[in-house]
Amino acid sequence: MSAYTNELAGAFVTPPITLPQLVPSRTCLQCDVCCRFPDPDSALRPYFTENEITRALTGGVEGAAFPNRRGSQVILAPDHHGDGYFCPAFDVATSTCRIYEQRPLDCQLYPLALMWDEAHDQVLLGWDTKCPFMREEIPGEIQRHADRVMALLDQQDIRDQVVAHPRLIGRFQEDVVMLTRLPRLTEAMASQWGPVPLHRLTVDDIPRMTAALDRSGWCRAQSLAAYSPVYHYMWNGLLAYWWMELQGTFYLFAQSPDGWFMPLPPIGAGLIDEPLSVAMGLLQRWNGDSPVSRVENVPSQLVPELERLGYRLTPKEPDYLYRATDLAALVGDRYKSQRALCNRFEREQSFEVGLYRVGDRQDCRALLGDWSRQKQSEGLESFGAMLLADATPAHEVVWSQASAFRLTGKVVRIHGRLCAYTFGYWLTSATFCVLLEVTDRTLPGLAQYLFRETCRTVVAEGAEYINTMDDAGLPGLRASKQAYHPTMLIPNFVASLARES
Ligand code: SF4
C-alpha cells in the first residue's frame, strides 16, 4: 500500500458534483486544446478542491501534483518531447483524462467558464471561444446548456464550494463570451473574502507590482532581494499569490497549506499603519486566530514603527550583500580557494559560456535532475531535502518566464552538454541579485567559475553590489556564503500580532 493510499484510507469523500456535458467525448478526443498548456504557471491550469484531490489520488494521480491538499491548481508536468506542459492527469499516449469520471468541477464546466468581469465587480458565466466545438455550435443550444449549468451553480452546496475555493473563478478573458451574470455568487464571494477585489497574481500583473515598488521608494541598493516581483512569482506553482490595490497601496498575499500571509508589507508611499491594519484584518478574517497571519520580509527601517503599533517582530535569516568588484576580481588571500577552483576549471575543461535561451529548457531540466540526485546522495538535512523537492516547479517558472521578468540567464556547456545555469535580476541599477545557480557537482570549480563570470558581467554593466539572498538556515549554505566575505548582512524580520501571554 502506497503512502498516498494509506493517507486516503480514512478520508471522507463527498460524492462528486456532476454537471451535464455539451461537447461529445469523441469530439474532445480529436482536439488538442484542453489539458495542455504553454507555460508551467498557466492561469488556466485546473483547480482541484480538497475532495477532488482525494478522488484524483485514488485515481492514480501523483500526490506531488497538488501543493496544497486543501485545494490547489495542479503542478503541470513538462512535455519531454516538446515545449509545453500537461495536466498530470492527462494520458499523453491516448490523449484522454485518466480520471475523466472524477475530473474536477473546473474541468467539467469547460467550455463554459466562471470568471470575473473586466472591472472585477461581478462573477460571470461565459463560454470559451478557444474551444473549437463551441465555434460551430448553435448559440441557442449553448444557452440552453448554460441555463442547466447555471441552475446547478445556484444550488447552495455548489455555491458554497465555489466560494470556499476562489481560484475556481478565473480572471476576465476577452475571448470568453459572457452568457450571464451570477449576482448571488458575486454577493457570496464579497461576504466571504471582503469588499475589495482580490486578484490572482499572474505575469500580466508584474508591471503593476513593479510600479508600486518604484513608488514606495523601498527598493534601494541595500534592500532585501524580496523587493522584486520574480522573487515571489517563481513560487507560483506551489503557493497561490493574490493581490489587491486600495488607495494607492498594493497588497500581496500568499495562500499556503497552513493559511494566508503577506510575503511583503503593504507597498505604498504613505504611512504604514492604516494599510497594515487593513491587511491584518483580512488575514484574521481568512485565517481566524491562527498564528500563520504574518507579514514577511519586513526591512529594519520599518521595525521601530511596527513595534510602536504593537506588532511582534522576529528576525529571520538575513540576505548576503557583497561588493561586486570583490567577487569579480577574487583578489587576495581571503579569496585564495575560490580563485584556485576557478583556475582549475579553466585549466581542465574546454567549455563555452552563453546566454540562456528558452530552447535550453530541456537541457536545464536534465541538469536539475542530475544535480538533485547528486545533492541527495551527499545526504541532506531534512529542510534542505524539502527545499530541493520544491525547487523543480520554481525552476520551471524561471526557465519559462525568464524574458518576461528580464532575468539574466547564463549557461555553461562542455562539449555541447549543458552542465551549469544561473539566473539573476537587477534589484536596482546598482544591485544585482543571484536568484539561482545549478551546476554539475562532479566538475570541480564550475560553480565558482560561473559565479565569478556572473559577477564580472554585472560589474561591467555597472553593478556595485551583489545580493545572493539568504541561507535558508542551512549551515552548509551559510558557510559557503560567508566564505565570499559579505560586506553586509541585510536584516530581515517577520511581523505578527503580539499575543496576550
Ligand atoms: S483533470 Fe482531466 S480533464 Fe481536467 S485538465 Fe486534467 S486531464 Fe484534462
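**Note on the predicted model**

1. P111 lies in the loop between α4 (105-109) and β8 (112-116); helices (H or I, at least four residues) and strands (E, at least two) are DSSP runs, numbered from the N terminus. The peptide bond leading from Y110 to P111 is cis, with omega near 10°. Most residues other than glycine have a negative phi, and most peptide bonds are trans.

2. On the basis of the coordinates: this is a predicted model, in which local features need pLDDT of at least 70 and side-chain atom pairs count only at pLDDT 80 or more, while totals for chains, interfaces and linings use all residues. Residues are numbered from 1 along each chain as its sequence is written, and side-chain values use heavy atoms, with hydrogens and water left out.

3. Two residues that are not glycine have a positive phi: Q247, at about 45°, and N297, near 55°. Q247 sits in the loop between β12 (240-246) and β13 (249-256), whereas N297 belongs to strand β15 (residues 294-298). Q247 is exposed, at 78% relative accessibility, but N297 is buried, at 3%. Here buried means under 20% relative accessible area, exposed over 50%, and partly exposed in between (1.4 Å probe, protein chains only).

4. S429 is located in the loop between β19 (417-426) and β20 (431-439). With a relative accessible area of 66%, S429 is exposed. Its C-alpha atom is 9.1 Å from that of R220, although the two residues are 209 residues apart along the chain.

5. The ligand is surrounded by C35, P46, F48, C87, A89, F90, C97, R103, P104 and C107, a residue being near a molecule if one of its heavy atoms lies within 4 Å of it. This shell divides into 9 nonpolar residues, no polar and 1 charged. Ala, Val, Leu, Ile, Met, Phe, Trp, Tyr, Cys and Pro count as nonpolar, Asp, Glu, Lys and Arg as charged, and the others, Gly among them, as polar.

6. A disulfide is a covalent bond between the sulfur atoms of two cysteines. Counted as pairs of cysteine sulfur atoms within 2.5 Å, the disulfides number 0. C219 is in no disulfide, and the nearest cysteine sulfur, that of C433, is 8.1 Å away. Why does C455 form no bond with C342? The sulfur of C342 is the closest cysteine sulfur to that of C455, but at 9.8 Å it is too far for a bond. C455 is buried, with a relative accessible area of 0%.
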